Amino acid sequence: MARIAGVNLPTNKRVIIALQYIHGIGPKGAADIMEKTGFDMTRRVNQLTDAEVLQIREIIDRDFMVEGDLRREVSMNIKRLMDLGCYRGLRHRRGLPVRGQRTSTNARTRKGPAKAIAGKKK
C-alpha cells in the first residue's frame, strides 16, 4: 500500500485516480504528476515500485501544497477575513452563505434547520 502525504492510496485503483484521494490534488494536478513522472495512465497503485512512489512523493512535496498545510492556509485565510471585519468575514462569522447566494429561500445547508417563530399563530 502506497502512503503519500499521510494518505494511504487505494491499491487497486489507477494511480491518476488514487492521487485525487490526497486533499489538494484534483484531476488536473494528478494528470500533471503523471505527466512529470512519465508513467502510463493505466498503471495501478499496486504495480508501482518503491522508487516510483518516492518519485511521486518528491514531485508532490516540491510542487503542491497538500493535506495539513493546505487546510491550515485556508483556515488562516478565513480567520484573516473574520479579523478584518470585511463583508466576507462577517458572513463566515455568522455562518451564512459567503458568495452572494440568496438567503430568503434556500441556504438551509449554511443556516441549519429552520427555526419556528415563537409568537406566530394562525
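1. Helices here are DSSP runs of H or I at least four residues long, numbered from the N terminus. On that basis, and bearing in mind that this is a predicted model, glycine 85 comes just after α4 and takes a positive phi of about 80°. The helix α4 itself covers residues 67–84, and its 18 residues reach 26 Å from the first C-alpha to the last, which is close to the 26 Å expected at 1.5 Å a residue.

2. A second glycine deserves a comment: glycine 6 is found in the loop between β1 (3–4) and β2 (7–8). Because exposed means over 50% relative accessible area, glycine 6, at 52% relative accessibility, counts as exposed. Its C-alpha atom is separated by 9.3 Å from that of glycine 68, although the two residues are 62 residues apart along the chain.

3. The largest nonpolar core has 21 residues, of which Ile4, Leu9, Leu19, Ile22, Ile25, Ile56 and Ile60 touch the most other members. Two or more residues of this core are given by each of the elements α1 (15–18), α2 (27–37) and α3 (50–63), and the largest share, four residues, comes from α3.

4. For isoleucine 25, one of the core residues just named, the contacts can be listed in full: leaving aside neighbours within four places in sequence, isoleucine 25 is in contact with Leu19, Gln20, Ala30, Ile33, Ile60, Phe64 and Val66.

5. As for the aromatic rings, the structure holds zero aromatic pairs. The ring of phenylalanine 39, however, has the charged end of arginine 43 sitting over it, 5.6 Å from the ring centre.

Notes. Residues are numbered from 1 along each chain as its sequence is written. This is a predicted model: local features need pLDDT of at least 70, side-chain atom pairs count only at pLDDT 80 or more; totals for chains, interfaces and linings use all residues. Side-chain values use heavy atoms; hydrogens and water are left out. The expected span of a helix is 1.5 Å times one less than its number of residues. Buried means under 20% relative accessible area, exposed over 50%, partly exposed in between (1.4 Å probe, protein chains only). A nonpolar core is a set of buried Ala, Val, Leu, Ile, Met, Phe, Trp, Tyr and Cys residues joined through side-chain atoms within 4.5 Å. Contact means heavy atoms within 4.5 Å. Rings of Phe, Tyr and Trp (its six-membered ring) pair if their centres lie within 6.5 Å; planes under 30 degrees apart count as stacked, over 60 as edge-to-face and the rest as tilted. A charge sits over a ring if NZ of Lys or CZ of Arg is within 6 Å of the ring centre and within 35 degrees of the ring normal.
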